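Trainee: I would like to go through this model term by term. For each label, please give the value and the cut-off behind it.

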Amino acid sequence: MTNDEALKIITVFQLNYPDNFRGKSDLVIKATVELWEKMFADEPYALVNAAVIAHMATDTSRFMPPIGVIKEAVRKLQQPEEMTQQEAWNIVAKALRNSAYGSEDEFQKLPSQIKRVVGSPRQLREWALMDTDTVQSVVASNFQRSFKAIQSREQEFQKLPSGVRQYMAELTREVFKPLPDAAENGGQG
């Protein structure tokens, strides 16, 4: 979103939430526009505008929404049909039917979000060999809780500006960088 497009968004907010702008200087309004431009630099104007309109159509408060509320509205517009925890578990339960012997194949068929929760083909196999009652209660419950946590974490991550996401990825790479081999250090570990 460009500065001119951010100005259009803030102008719409000024019209719909006049109390939020009463007494604000031009400098504060300009800073608000620049902030919205920066926070939505990765999203197309049409998408942000649609999220703003959707929010205003259902909002009954008299207060302008914070950026995070519109980020969430943008995310929902981009992913209207999100997999539920129960739907994810149903996919795993189906995979478990063939995982006593075919866990590798079944694991490869899983959507990536589910793979992150399951962890490995070996985990599928272990669950397939467990008592059915335990799987349907304890394992299902733990899986669904973990799936929800991963889904929430990914949703929050996707709302971040691309520069912040890149910075976090670089930090992660740095933290998990392999340690130098002892041979590379002249035999000192």
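Trainee: Why is methionine 39 called partly exposed?

Mentor: Methionine 39 has 24% relative accessibility. Buried means under 20% relative accessible area, exposed over 50%, and partly exposed in between (1.4 Å probe, protein chains only). The value of 24% therefore makes methionine 39 partly exposed. This is a predicted model, in which local features need pLDDT of at least 70 and side-chain atom pairs count only at pLDDT 80 or more, while totals for chains, interfaces and linings use all residues. Residues are numbered from 1 along each chain as its sequence is written, and side-chain values use heavy atoms, with hydrogens and water left out.

Trainee: Where does methionine 39 lie, and which residues does it touch?

Mentor: Methionine 39 lies in helix 2; helices are DSSP runs of H or I with at least four residues, strands are runs of E with at least two, and both are numbered from the N terminus. Leaving out residues up to four places away in sequence, methionine 39 touches Ile67, Lys71 and Pro161. Contact here means heavy atoms within 4.5 Å.

Trainee: What does phenylalanine 40 contact?

Mentor: With neighbours within four places in sequence set aside, phenylalanine 40 is in contact with Met1, Val48, Ile67, Ile70, Lys71 and Val74. Phe40 is also among the residues with the most contacts inside the largest nonpolar core, which has 21 residues.

Trainee: What makes a set of residues a nonpolar core?

Mentor: The members must be buried Ala, Val, Leu, Ile, Met, Phe, Trp, Tyr or Cys residues joined through side-chain atoms within 4.5 Å. Two or more residues of the largest core come from each of helix 1 (3–16), helix 2 (26–39), helix 3 (45–58) and helix 4 (67–78). Helix 3 gives the most, with five residues. A second, separate core has 18 residues, including Phe107 and Trp127.

Trainee: Why does valine 164 count as partly exposed?

Mentor: Its relative accessibility is 37%, so valine 164 falls between the two limits, under 20% and over 50%. Valine 164 is placed in helix 10 (residues 162–175).

Trainee: How do you know that the chain is not a compact globule?

Mentor: The radius of gyration, taken over C-alpha atoms, is set against a rule of 2.2 Å times the number of residues to the power 0.38. For 189 residues a compact globule would be near 16 Å, but the protein chain has 24 Å. Its C-alpha trace spans about 65 × 55 × 25 Å along the principal axes.
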